[in-house]
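Here's a quick briefing on a protein and its ligand. Have a look at the structure first, then run through the points below.

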Amino acid sequence: MSQYKAYEVVEVTDKQYQGSVVEKSEDDLSDGELLIEVLYSSLNYKDALSASGNRGVTRHYPHVPGIDAVGTILDSENPQFPKGQVVLVTGYDLGMNTSGGFGQRIRVPASWAASLPSGMDPATSMRLGTAGLTAGLCVDALLKNGLQVDHGEVLVTGSTGGVGIIAVGILAKLGFQVVASTGKPEAVQLLKTMGASEIIDRHEFGEPSSRPLLAERWAAAVDVVGGDTLFNVIKGLKYGGSVAACGLVQSPMFQASVLPFILRGVNLLGVDSVELPLIEKERIWSKLAGDWKVGALDQVCTEIGLDQLEASLATILSGGAIGRFLLNLQR
Ligand SMILES: NC(=O)c1ccc[n+]([C@@H]2O[C@H](COP(=O)([O-])OP(=O)(O)OC[C@H]3O[C@@H](n4cnc5c(N)ncnc54)[C@H](OP(=O)(O)O)[C@@H]3O)[C@@H](O)[C@H]2O)c1
């Protein structure tokens, strides 16, 4: 029976949740063909929800969160995945109702495991993590809908967060003029380092507006915020423009009218990184390791150990995070 360390969240009293680092046994892991020694995981908004008792994300506690992980296969029942191979797992049920990457071991179905793309090391894969994959999917959706560099400015909301900051980096690398919306004036320099050409205050978008349409400004947008922000972004898209919507940090609900859609032909593109077929995830990971490789990732990423998880998750939940957190399980 092998023991390993994990950050486990328990319900201490009714609706009060607390996490701590505990010793767990491999025998308690769920069934799956691959037993993996986790090298790195990362922190995502959904992890912060899971770690704080959000039953929409995680139904049962005690629970080990962590919706993504990279690690070495220790034991395999699938000949396509030999022992010693390094694999990447993001989404599906990992860290939601299956023990996740905030532990030194996971056991998962082989159908969840992607090969690490060539040219990408394990730490970089989790500096990007689910946030990077999602940013890549948003950019991919916009490009598939015809976005070109000469169409004009592309807006990224929640731009200092995990998805936002990597979306800024990818779009800038592809030559787009990126406008980053943020609530953190102290992060202006960092956003410029990632390639943003202009930084704007997120409060410009955050309030409800009675105007049916706004001035046409955005060729496209990546929105992680939802709520009134998303509707204001839709109202400010140029004719034929698209917004890739992937998040809900302001609100999962938003009011809308059909006017921007029927007067300007704009597009609202939904992006999901969780249940997406593995082959599509691998396609985006290859791009992230190749043409879409984002520089300065280490500057927007803080490396932490299990003992620093609680504080970092609280920062994410309060909307105060800047960039990404890389969780090193070997520390
Ligand atoms: N669809 C998918 O597959 C998928 C995958 C990954 C993430 N997501 C979702 O995408 C969103 C972002 O995830 P993340 O990991 O990037 O989160 P994050 O690192 O916590 O970043 C979110 C950012 O949003 C901004 N923000 C926070 N609260 C806000 C508010 N009340 N109003 C407006 N802006 C606010 C902040 O940036 P500024 O201070 O710079 O404005 C914050 O840093 C989450 O809702 C997450 O669930 C979806």
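A polar contact here is a pair of N or O atoms within 3.5 Å. With that in mind, a nitrogen atom of the ligand sits 3.0 Å from a polar backbone atom of C246, so that pair counts as a polar contact. Keep in mind that this is a predicted model.

**Polar contacts of the ligand**
- Besides the C246 pair, the backbone gets involved at S273, where one of its polar atoms is 2.7 Å from an oxygen atom of the ligand.
- R202 joins in with its side chain: a polar atom there lies 3.0 Å from a ligand oxygen.
- On its own the ligand would expose 920 Å², and the protein buries 87% of that.

**The shell and the pocket**
- Count the residues around the ligand and you get 25, with T160, V163, T182, K184 and S273 the closest.
- Sort that shell by type and it comes out as 10 nonpolar, 12 polar and three charged residues.
- As for the pockets, the largest one is the space that the ligand takes up.

**How the domains fit in**
- The domain assignment splits the chain into domain 1 (3–116 + 296–328) and domain 2 (132–270).
- Where these two domains touch, domain 1 puts in 11 residues and domain 2 puts in 14 residues.
- Taken over C-alpha atoms, the centres of domain 1 and domain 2 are 29 Å apart.
- So where does the ligand lie relative to the two domains? Domain 1 and domain 2 both give residues to its shell, so the ligand lies between them.

Notes. Residues numbered from 1 in each chain as written. Predicted model: local features only at pLDDT ≥ 70, side-chain atom pairs only at ≥ 80, totals over all residues. Heavy atoms only, no water. Near = heavy atom within 4 Å. Polar contact = N/O pair within 3.5 Å; in protein donor to acceptor, adjacent residues only side chain to side chain. Areas by Shrake-Rupley, 256 points an atom, 1.4 Å probe, with all protein chains shown as cover. 1 Å grid on protein atoms, 1.4 Å probe; cavity = no way out; pocket = protein on both sides within 12 Å on 5 of 7 lines; lining within 4 Å. Sits in = over half its atoms within 2 Å of the grid points. Nonpolar A, V, L, I, M, F, W, Y, C, P; charged D, E, K, R; others polar. Domains from an automatic or database assignment. Contact = heavy atoms within 4.5 Å.
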